[in-house]
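Please open the model in your viewer and keep the sequence panel at hand. The tour below proceeds by selection, with a short account of what is found at each stop.

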Amino acid sequence: MNKLRHLALATGLAGMIAAPAAQAQSVYGELGYTALTASLSVPVLGVSVKSEPAMARAMIGISPFAGLGVEGMIGTGVRDDRLRGNVAMNSRVKVDEFLGVYLASRLNLGPVELFGRAGVAETRVRFEGLGTGSDTGFSYGAGLRLLPTDSLTLSLDYMSYLDKSGLKIDGYTLSLGLKF
């Protein structure tokens, strides 16, 4: 991803967050660790390989209306993993960058929230010795958020980050968050 895209995304996110901030019921953020599964399938060639890298993920969201929010996410790889599958490939996989913008909904059940999100994400993956690929596509997820205090949250979610052209990246994230 180039610097212009980063700047455009950061500016857009800042604008979305700043404009309705005065009317917002809440602004929230999370930092988390994501255990990923990256799989590549090329049926025409008979290739099916899988890897389990990990990434650190940050999210900031704003909730202009009760139960509805807009969220921006960014992630970067913290651990690579080797490819395993039905073909011999001596390569490792790492998620270099992840950027996403989502519409989110949540259902508050007292000290617990159920939430879901859907949006668009761009994911850049590096295959050691084979090169780097980047793609943009539909992304979605759902999870459970514990609310031990008015401002502290603990979340567990599942996300499908990319499922396009035979490449699928998804994973589970454990996050610690704050409501402002």
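Select Ile60 to begin: with a relative accessibility of 36%, this residue counts as partly exposed. Ile60 belongs to strand β3. Now add Gly29 to the selection. Although Ile60 and Gly29 are 31 residues apart along the chain, their C-alpha atoms are separated by 4.2 Å. Please bear in mind throughout that this is a predicted model.

**The whole chain**

Zoom out and colour by secondary structure. The protein has one helix and 11 strands, and along the sequence the helix precedes the strands, in the pattern α-β-β-β-β-β-β-β-β-β-β-β. Of its 180 residues, 40% count as buried. If a surface is displayed, about 9400 Å² is exposed, and carbon and sulfur atoms supply 64% of that area. Contacts across the sequence may also be considered here: among those between residues at least 6 apart, 59% join residues at least 24 apart.

**Arg145 and its surroundings**

Select Arg145, in strand β9. Is this arginine buried or exposed? Its relative accessibility is 4%, under the 20% limit, so Arg145 counts as buried.

Show the side chains around it. A polar contact of 3.1 Å joins the side chain of Arg145 to that of Glu30, and another, of 3.2 Å, joins the side chains of Arg145 and Ser155. Next, display the ring of Phe115: the charged end of Arg145 sits over this ring, 4.2 Å from its centre. Beyond four places in sequence, the residues touched by Arg145 also include Met59, Arg106, Pro111, Val112 and Thr153.

**Ser139, in the same strand record**

Remain on strand β9, which covers residues 131-146, and select Ser139. Ser139 has a relative accessibility of 0% and counts as buried. Which backbone oxygen does the side chain of Ser139 reach? It is that of Ser160, at 2.8 Å. Among the other residues that Ser139 touches, leaving out those up to four places away, are Tyr102, Gly119, Ala121, Met159 and Tyr161. For a distance across the chain, mark Val101: its C-alpha atom is separated from that of Ser139 by 9.0 Å, with their positions 38 residues apart along the chain.

**The aromatic pairs**

How many aromatic pairs does a search of the whole structure find? There are three. Select Phe98 and Tyr161 for one of them: the ring centres are 4.8 Å apart and the planes stand at 80 degrees, so the pair is edge-to-face. Phe98 lies in strand β7 (residues 92-108) and Tyr161 in strand β10 (residues 152-164), so the pair ties together parts 63 residues apart in sequence. Phe98 is buried, with a relative accessible area of 1%, and Tyr161 is buried as well, also at 1%.

Move to Tyr158 and Tyr172. Their ring centres lie 5.3 Å apart with the planes at 55 degrees, so this pair is tilted. Tyr158 is in strand β10 and Tyr172 in strand β11 (residues 167-179), so to speak of sequence, they are 14 residues apart. Tyr158 is partly exposed, with a relative accessible area of 24%, whereas Tyr172 is exposed, at 52%.

**The nonpolar core**

Return to Phe98 and Tyr161, and add Tyr102 and Ile169: these are the residues with the most contacts inside the largest nonpolar core, which has 21 residues. Strands β1 (26-42), β2, β3 (54-65), β7, β8 (112-127), β10 and β11 each give two or more residues to this core. The largest share, four residues, comes from β7. Centre the view on Ile169 and show its contacts. Apart from residues up to four places away in sequence, Ile169 touches Leu36, Thr37, Ala38, Thr123, Val125, Met159, Ser160, Tyr161 and Leu162.

**Ser51, the last stop**

Select Ser51 in strand β2 (residues 47-51). This serine is buried, with a relative accessible area of 0%. A polar atom of the Ser51 side chain lies 3.1 Å from the backbone oxygen of Asp81. Beyond its neighbours within four places in sequence, Ser51 is in contact with Leu36, Thr37 and Ala38, and also with Asp81, Arg82, Leu83, Arg84 and Val93.

How values were computed: Residues numbered from 1 in each chain as written. Predicted model: local features only at pLDDT ≥ 70, side-chain atom pairs only at ≥ 80, totals over all residues. Heavy atoms only, no water. Buried < 20%, exposed > 50% of the residue type's maximum accessible area, 1.4 Å probe, protein only. Polar contact = N/O pair within 3.5 Å; in protein donor to acceptor, adjacent residues only side chain to side chain. Contact = heavy atoms within 4.5 Å. Areas by Shrake-Rupley, 256 points an atom, 1.4 Å probe, with all protein chains shown as cover. Phe/Tyr/Trp six-rings, centres within 6.5 Å; stacked < 30°, edge-to-face > 60°. Lys NZ or Arg CZ within 6 Å of the ring centre and 35° of its normal. Core = buried A, V, L, I, M, F, W, Y, C linked by side-chain atoms within 4.5 Å.
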